Each structure stands twice: as C-alpha cells, then as structure tokens.
Amino acid sequence: MDHNRASRRSFLALATATPLVATVLASCGDSGPAGSGSSDEATDWILTGQPKEGIRQAARDDWNKAHEDQQIRVSAFQNDAYKAKIKTAIGAGQAPTIIFGWGGGTLRNYAESGLVDDLTPWLTENPEVKNRLFDAAFAAGTVEDKVYGLPTETVQPLVFFYNKKLFQQVGAEPPTTWDELMALVPKFNAAGIAPISLGGQSRWTNMMWLEMLFDRIGGPELFESIYNGTPAWTDPAAIDALTKVQDLVKADGFVKGFASITADSNADQALLYTDKAAMMLHGTWTYGGMKTDGGDFVSSGNLGYMNFPAVTGGKGDPMNTFGNPAQYVSISSKATQAQKDIALAFFKDGLLQDKEAEAYITEAGEVPIVKGIDSKFAGMEDEEWLKFTYDLATNAPSFAQSWDQALSPTEAETLLDNIEKLFGLAITPQEFAANMNAAIGS
C-alpha cells in the first residue's frame, strides 16, 4: 500500500460522522470524441444507462441553451468502458475538462499527480455551493483537507433486493441472517429459480458481497485496518467472510453463468424483474432501471428491499452499509483557463440544480445530496423507497466507501482480479488473503 498516503483519514472517521456520513461505489457509463476540445468549449464525459443518462444530458443541454458563450460538449460511455478510457485519457493529457468519478483512491492519485485542480479556494468564494450539499458527501472528494472532487448527483447505499412474488411462490420469508439466506438457496434451486442474480463479469458486483460480509463479521474496523496499510486479509474474520462467499458459490447460490453476466447491460436486474432470480445485492442506482425496464415489477409492489442480513455473532452493526456517498466532478489541470471558467460556472449554476435534483427523485428513484431534500418525498410515487434510502444512508453507524474506489487504481485492480478468482473457485480464501497481503500490505 502507498505509505505516503498522507494522514490517511480513517475509513471509519469518514464513515461514522454525522447523518449522511458516507463514502461510496457507482452506477453505469457510447463513445464520443476524446481530447480536451477547443479552448472555447468545455468537455464532459457522462455515464450511460437510463434514466440517469437522460437526466445528466438534460442538465448539460439546458446549460448550453442558456449559455451560448459557455458551451459544454458531452460524450457518454458505459461504466466499465469509462473507467478504462478516463485512465488512459488522463495519462495522455487528453482528459475532458470535467472529470467524473467516485472520489477515494483514484482521486487521491489524480490530486497527488497534479492532474486535477484544488477546488477549495473556489468553494470558499462560493460558500452557497457547498452549503446546499450534504456535509458528509465531501469526505471522499477531499485529499489532505483540500476538495478536489465536488460531490454531485445522489447518495447510493447498497441494498438487498428481493422478488416478493418468488418468495410467496416458495413460501419463504426474506432472510434476516446469513444462515437464513443459505437455507433459502436449496429451496429456490429446487423450484427452478436462481437464488441470487449476479453480474459477475463486472467483478465489482462480486465485491459488494465481500464488503457486506467483512462488515457484518468483522465490523468496519476490519477493512479500515487493511486500508490503513495493515495486511489484515488473513484476519480470522476476513477468512470467515471469504469462506462464506465461497460456500454460497458452491451451494449454487448465484445464477448459473454469473461470471459471464455484465452489470453494464443491466442483465442482472432483468433476472430479478423477469422472475428468473429471487434476490440481488446492488446499489440504489438499480432502482430506476428496474422501474423503467421492468414493466409493472416495481409499480405492482413485487420489488422488496432491505439492508443486508446480519451474521450471527458478527461484530458489525446490521444497520451499517457500503456504497457511494455521492459522485464527484473534478476539473482537469490540463484544461485551458477558458474551459475551467466554463466548468466552474456550470458547477455553480448548472449542476444539481432543482430540476436535475427533482428528476433524480421522480425518474431514477434516488436521493440527491441536497440538504432538506427529504421534505420533497411526501406524496411521491416512490415515497416509501426514497424514505428507505434516505434513512438507510443517514442512520447507518458506518457508511463506508466501496473498496475499489477507496483503494488506489493499482490496488483496486489487484483486488478485483483476486475477487474474480475467489468467486470462480480458482483460489482458496487463504490464497486470496495471501495474494492481497502481498499486494496491498507491501
């Protein structure tokens, strides 16, 4: 692990502050022109996947219509493709003016390499920008007490989703413990239903299972110790979590062929709403897709949701969660001053304004990181879901950032590679731990 990570703020401190204290993971991201554009227009790469792609695009379109002399050129990419493309573009000095991300280790690398601007002075000059957003959303966008990523969009905790119709079909109740979850696996398999949907080809989807098990068994301190440079992957609680996930794989808990299913295509969501799979662990960003593409699955009340089940005897509070406290936008240090000025003007008066914030609520069923936003939920179609999300995020004693976002890109790639092998039963829990200790503890 990078031991120069100055005063690495404790994962726990980021995650256990006041309400809506969080730090998190992401949703989705067609191809467009690379490069930083002409000096009289800013460039911005957004993620695909409806309904949020449309919401993001509309905010930029509205800005461009109202600001003829401050244009923003937009390109859209799928999530996994974006992560690869932005890394290459930044390394080649071809980054867009506005760099979208999830904070954490990747942003720290950018900041320490001088690739993104420090936004702290600008935020001091424009206090109203910071004051309207959730305080806790800033932690994952901050490096050495300086803000390099302005939080935007929505808070996205992980949620344990289930298909109520399929549970009724087999006469089962939603699992409140890990043992109950394991007992449901043979029950659903016997009925010809995949117990759990998983888009394993994306790898970070597998990671969510480990995040929650590490938390439930060892508490937030377990991964925090790893994050802070202690090679604790061999901790008994970690081995227990790694073993439990392989027990689930060996019991055919996940849909057959999960390793070739991708989250970018929303195929994992489709398995849940087409009654092919009974359960799914995913972020709140999937709700809008299931509502948009799932026919009457959501509107008929067939979608159930809850926090991840407890592990009997575990140290973690069952109210804890993981995910994204926000998404983040940064400004490329390589952009021209004219491009930076456009981006900052957009950040101030065009980003996450009332229309965009309301669209995240009504179209995506997500909670924007705007203070007091819960006052708008009453009487809305998704009121129950929005209140659940808001309460989950604000009441969690620990809301930790997704591992692949918290770690540096190199560390994250090693982690995801080993997670893929773990879920594929190509390595044992002990081998996984040894591999990770060697990579991240070094």
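1. A quick term before anything else: buried means under 20% relative accessible area, exposed over 50%, and partly exposed in between (1.4 Å probe, protein chains only). By that yardstick Asp354, at 59% relative accessibility, counts as exposed, while Arg132, at 24%, is partly exposed.

2. Keep in mind that this is a predicted model, where local features need pLDDT of at least 70, side-chain atom pairs count only at pLDDT 80 or more, and totals for chains, interfaces and linings use all residues. Residues are numbered from 1 along each chain as its sequence is written, and side-chain values use heavy atoms, with hydrogens and water left out.

3. Back to Asp354: a salt bridge (a side-chain nitrogen of Lys or Arg within 4 Å of a carboxyl oxygen of Asp or Glu) joins Asp354 to Arg132, with the closest N and O atoms 3.9 Å apart. The two sit 222 residues apart, with Asp354 in helix H15 (residues 354-362); helices (H or I, at least four residues) are DSSP runs, numbered from the N terminus.

4. Glu128 and Lys348 make another such pair, at 3.8 Å. Glu128 is in helix H6 and Lys348 in helix H14, so the pair ties together parts 220 residues apart in sequence. The whole structure has 20 salt bridges.

5. What about the inside? The largest nonpolar core (buried Ala, Val, Leu, Ile, Met, Phe, Trp, Tyr and Cys residues joined through side-chain atoms within 4.5 Å) has 76 residues, and Tyr82 and Phe347 are among those touching the most other members. Helix H14 supplies the largest share, 6 residues. A second, separate core of 69 residues includes Leu213 and Val249.
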